[in-house]
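Me: Got a model open here and I'd like to go through it with you. Mind if I fire off some quick questions?

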Amino acid sequence: DALLPAPQSISILSTNMKHFLTWSPVIVQGATVRYSVEFQGEYEREYANGSWIPISECSLTTATVCNVTEDISATVAYRLRVRAELGATRSPWGTMKGFFNRVTTSLTPPLLRVLADGYHLLVELADMGPAFQFRVLYWKKGHESRVQQKVMKEVSSMVHLDTMEAGAEYCVKAQTHVEAINRSSSFSPTQCVRAQRDTSGWWL
Amino acid sequence: GACRVSMSMTEIRAGFTAIKANIQSRDPIRTLSILSHPQSLHKVKSSDRCCITHHLFTFYVDKVFKHCRTEDSFVNRKISSIANSFLSARRKLGQCREQNNCVCGEESTEKFKQILANYEGLNVTSAAMKSLGELDILLDWMEKSR
């Protein structure tokens, strides 16, 4: 019974509170190797005899990536491990080096679309999940000292920011905030739009 | 004293809601309550809230979660999620208690003793499952008293 090596290069890719465990494939000529993943939170280490919990979606998977977002759902240090399986043969566990805490996730600026609807300044933000709040800054171009702010705990389709002066240009930028880890992303690039010109006057 | 601790109540609530029916179905003793007998948590004075919340988090971390392991992998994963969230929150609460010197009043000390007595009055697995099944009582009280 040939020994199966443990998976190597085990690491986590974490962006915007979505966490994926990845590893290098174990190659056995002419055979399909499967993998199983388990996790262990600080609670399991400190209070449950160092027990490990299997992730059923990644049990006997042929993929070399596992979405662990649902299970890394507290702001504590987690450990993760993977093993290879071929028929009845199982490899030793390959354990990710060190710990993973979701506080280290990388936060990208939000995607937003700014529109001028007549005199109305509108913004549309891409939904990023329940953990995300948005801080939107907007100002009349040339009046950078008078920036206004709107904080949105939930994303609705289109948000009215302000009523603009005729013909004036307004600028908007935004960042995300994740309360669970008390961190914010950097700001998105600034987008500016111009309000419609004043059409009320009579021109003779 | 006041203890404003940011914790993911939404995540804990979502995790509990996902397994509530399963956990409560394992609790055959409907006539007893661990958290609400003889008096509701809502009777606790606001000045004592920080202290009793810390006590209750310690109670769940030390006594309850470890006795709730089931044969259901999904349930075990959600219990792990809640347990680790409680651990993280308790740490913040502990820091807050030290900074604000939240002392426990006589009433809340008595209330917490009653909760422990209710818990010890049952065999450990039943007591743990009942306590976990009553988590929404604790979450409701915490959200109401924010």
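Me: How many salt bridges are there between chain A and chain B?
Reply: The count is 5 between those two chains, a salt bridge being a side-chain nitrogen of Lys or Arg within 4 Å of a carboxyl oxygen of Asp or Glu. One of them joins the side chains of A:Arg102 and B:Glu11, at 2.8 Å from N to O. Mind that this is a predicted model, where local features need pLDDT of at least 70 and side-chain atom pairs count only at pLDDT 80 or more, while totals for chains, interfaces and linings use all residues. Residues are numbered from 1 along each chain as its sequence is written, chains are lettered from A in the order in which they are written, and side-chain values use heavy atoms, with hydrogens and water left out.

Me: OK, what area is buried between chain A and chain B?
Reply: About 1800 Å², with carbon and sulfur atoms giving 41% of it; that's accessible area (1.4 Å probe) lost on putting the two parts together, summed over both. On the chain A side, A:Tyr43, A:Tyr47 and A:Ser73 lose the most, together 35% of what that side buries.

Me: Switching topic: where does A:Ser56 sit?
Reply: In the loop between E4 and strand E5 (65-67) of chain A, strands being DSSP runs (E) of at least two residues, numbered from the N terminus.

Me: And which residues of chain B does A:Ser56 touch?
Reply: B:Ser73 and B:Arg77, with contact meaning heavy atoms within 4.5 Å.

Key
Helix = DSSP H or I, 4+ residues; strand = E, 2+ residues; numbered from the N terminus. Lists of a residue's contacts leave out its neighbours within four places in sequence.
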